Amino acid sequence: MGTCFSSEFDEQHSFQTKPGEIQPSSTKNALKTPPKQTILDSPNIRSPSSLVVITKDVKDLRQSPGYSNLDIFTYDEMRMATKLFRPDQVLGEGGFGVVYKGVIDENVRAGYAKTEVAVKELDPEGIQGDREWLAEVNYLGQLQHPNLVKLIGYCCEEDHRLLVYEYMASGSLEKHLFRRVCATLTWSRRMKIALDAAKGLAFLHDAERPIIYRDFKTSNILLDADFNAKLSDFGLAKDGPMGDQTHVSTRVMGTYGYAAPEYVMSGHLTARSDIYGFGVVLLEMLIGRRAMDKSRPSREHNLVEWARPLLVHNKKLVRILDPRMEGQYSSKTAIKVAGLAYQCLSQNPKGRPVMSQVVETLESVQTRDLLQEEVLFQSGSRSVTLFEAADSKKMDTQVKGGGENEA
Ligand SMILES: Nc1ncnc2c1ncn2[C@@H]1O[C@H](COP(=O)(O)OP(=O)(O)OP(=O)(O)O)[C@@H](O)[C@H]1O
Ligand SMILES: [Mg+2]
């Protein structure tokens with residue numbers, strides 16, 4: 001996996017195969033198809049079963065105010081909000097372009113309540129373009145759920161393409177799992193993040209016409225100040241199969257290490273491809289290693305190939321779980337979550353659970369009192385008792401020594 005097709009992106013960022021390599025289907029044209037369904041314009045969370053996303057193109061979005069819950073900003077307003085795109089406002093950079101921290105307030109637009117935002121500016125020289133920008137506006141303009149990042153508005157003045165999101169104060173899961181020095185996420189926080197992200201995906205998959213997210217990875221899972229997780233980046237999202245269709249045919253797009261093997265081989269996309277990506281992220285959270293890591297011995301480069309077979313051997317499992325979480329989980333719970341990751345990573349798409357089953361399993365392993373646990377970690381006591389909710393409602397307890405874990 002990850003080597004059988006040519007990539008236009010680097011390993012951490014989304015890739016797409018060269019056009020023609022795999023039977024292409026033009027997303028751009030699909031996006032321009034006139035809407036067949038009613039426009040969904042209520043800003044409330046929609047019941048997934050009644051949700052059908054319609055699409056608008058750049059011309060539509062310039063002429064009308066777009067979706068009623070989105071604001072259209074001018075480029076000058078974006079400059080003001082980001083202090084002239086000052087380098088010290090940069091939050092990160094991906095395949096789409098640079099992401100800036102910003103504030104929209106009275107000074108930017110009269111009467112606007114002060115709102116912290118993240119402003120993503122399309123790099124005109126970059127690989128992604130109008131297609132991804134449009135997909136983002138069309139999907140996030142209509143989808144609302146507590147586990148999807150909120151799109152506040154956009155700017156499409158002349159050649160400028162910007163997206164304005166709610167600001168996610170704690171940044172990406174990738175940052176916390178792999179980049180933060182001397183810190184780690186506790187077992188409970190990881191499980192809560194996994195559940196939040198699973199709920200976001202389940203919402204997409206349960207729509208009347210399922211939506212396939214296609215870019216599930218740690219950098220696209222953002223965390224707010226309270227560490228609630230939300231999915232961001234709908235640039236690669238795609239309407240799933242309808243009626244008798246078993247799959248949709250697409251160019252292969254996604255990120256190395258996360259794309260499902262059958263999708264990479266055939267270009268046939270189903271919701272089960274997202275479940276494989278979810279399995280990769282769950283594995284990264286369990287093991288504390290990146291999906292692809294060339295700095296490891298060669299047999300451990302690809303996390304799934306190396307770790308998946310070990311997930312179902314209880315003794316081996318204990319040895320590969322992220323040592324930064326030692327003492328924070330019961331073996332029963334760890335075995336259950338590892339079993340879930342194993343299933344999600346099945347080579348056979350039909351062997352993977354559906355997202356609602358994933359949510360159910362993760363709900364059953366949530367720590368009963370996360371807050372209490374975090375307080376105990378913060379207290380730094382040498383020996384604290386942690387509580388985990390077991391399915392039986394019986395509390396499992398474990399004793400943890402040391403107090404160097406972050407809260
Ligand atoms: N709404 C947001 N709030 C706070 N930080 C954000 C927000 N959106 C993005 N970021 C930051 O910007 C970084 C870059 O995001 P971006 O989605 O452009 O790239 P990526 O996810 O790293 O790669 P890719 O282009 O493959 O998606 C993120 O890792 C995150 O740290
Ligand atoms: Mg991203």
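Let's start with β5 and strand β7 (residues 162–166), which run antiparallel and are joined by five bridges. If you want to find the spot in this predicted model, look for Val-117, which stands opposite Glu-166 in β7. On the β4 side, β5 pairs in the antiparallel sense again, this time over eight bridges. Here Val-103 is a handy marker, since Val-103 stands opposite Glu-116 in β5.

Keep going and you reach β3. Strand β4 (residues 97–104) and β3 run antiparallel, with three bridges between them. A hairpin takes the chain from β3 to β4 through three residues. Two pairs help you line these strands up: Val-90 stands opposite Tyr-100 in β4, and Glu-93 has Val-98 of β4 as its bridge partner.

Now step back and look at the whole sheet. What is the order of its six strands? Reading across, the order is β2-β6-β7-β5-β4-β3. The sheet is open, and its pairing is mixed. At the edges you find β2 (71–72) and β3, each with a single partner strand, so one side of each has no neighbour in the sheet.

There's another sheet to visit, an open one of three strands in the order β8-β10-β11, with antiparallel pairing. This time β8 and β11 (229–231) are the edge strands; each has a single partner strand, so one side of each is left without a neighbour in the sheet. Two bridges connect β8 with strand β10 (residues 221–223), and the two run antiparallel. To see where they meet, find Ser-172, whose bridge partner in β10 is Leu-222. A helix joins the picture here: α6 packs on the sheet and touches β10 and β11. The direction of α6 makes about 35° with that of β11.

That same α6 has a helix partner too. Two packed helices are described by the angle between their axes and the distance between the axes. Helix α6 (residues 187–205) and helix α8 (residues 271–287) pack at an angle of about 175°, and their axes are 11 Å apart. With that angle, α6 is roughly antiparallel to α8. Which residues make the contact? From α6 come Arg-190, Ala-194, Ala-198, Leu-201 and His-205, while α8 brings Ala-271, Asp-274, Phe-278, Leu-282 and Met-285. Sort the residues of this contact by class and you get seven nonpolar, one polar and two charged.

Finally, let's look at ligand 1. Its surroundings are made up of 24 residues, and the closest are Gly-92, Gly-94, Gly-95, Ala-118 and Ser-219. Some strands you've already met come back here: β3 (90–93), β5 (115–122) and β8 (171–172) each supply at least two residues of the shell around ligand 1. Which strand gives the most to that shell? It's β3, with three residues. By class, the shell has nine nonpolar, 11 polar and four charged residues.

Where does ligand 1 sit relative to the domains? Domain 1 (65–166) and domain 2 (171–401) both give residues to the shell, so ligand 1 lies between them.

Definitions and conventions:
Residues numbered from 1 in each chain as written. Chains lettered and ligands numbered in written order. Predicted model: local features only at pLDDT ≥ 70, side-chain atom pairs only at ≥ 80, totals over all residues. Near = placed C-beta within 6 Å. Helix = DSSP H or I, 4+ residues; strand = E, 2+ residues; numbered from the N terminus. Nonpolar A, V, L, I, M, F, W, Y, C, P; charged D, E, K, R; others polar. Domains from an automatic or database assignment. Axes fitted to C-alpha atoms, helices over the stretch in contact; angles between N-to-C directions. Parallel < 35°, antiparallel > 145°, perpendicular 65-115°, else oblique. Contact = placed C-beta atoms within 7 Å. Pairing = 2+ DSSP bridges.
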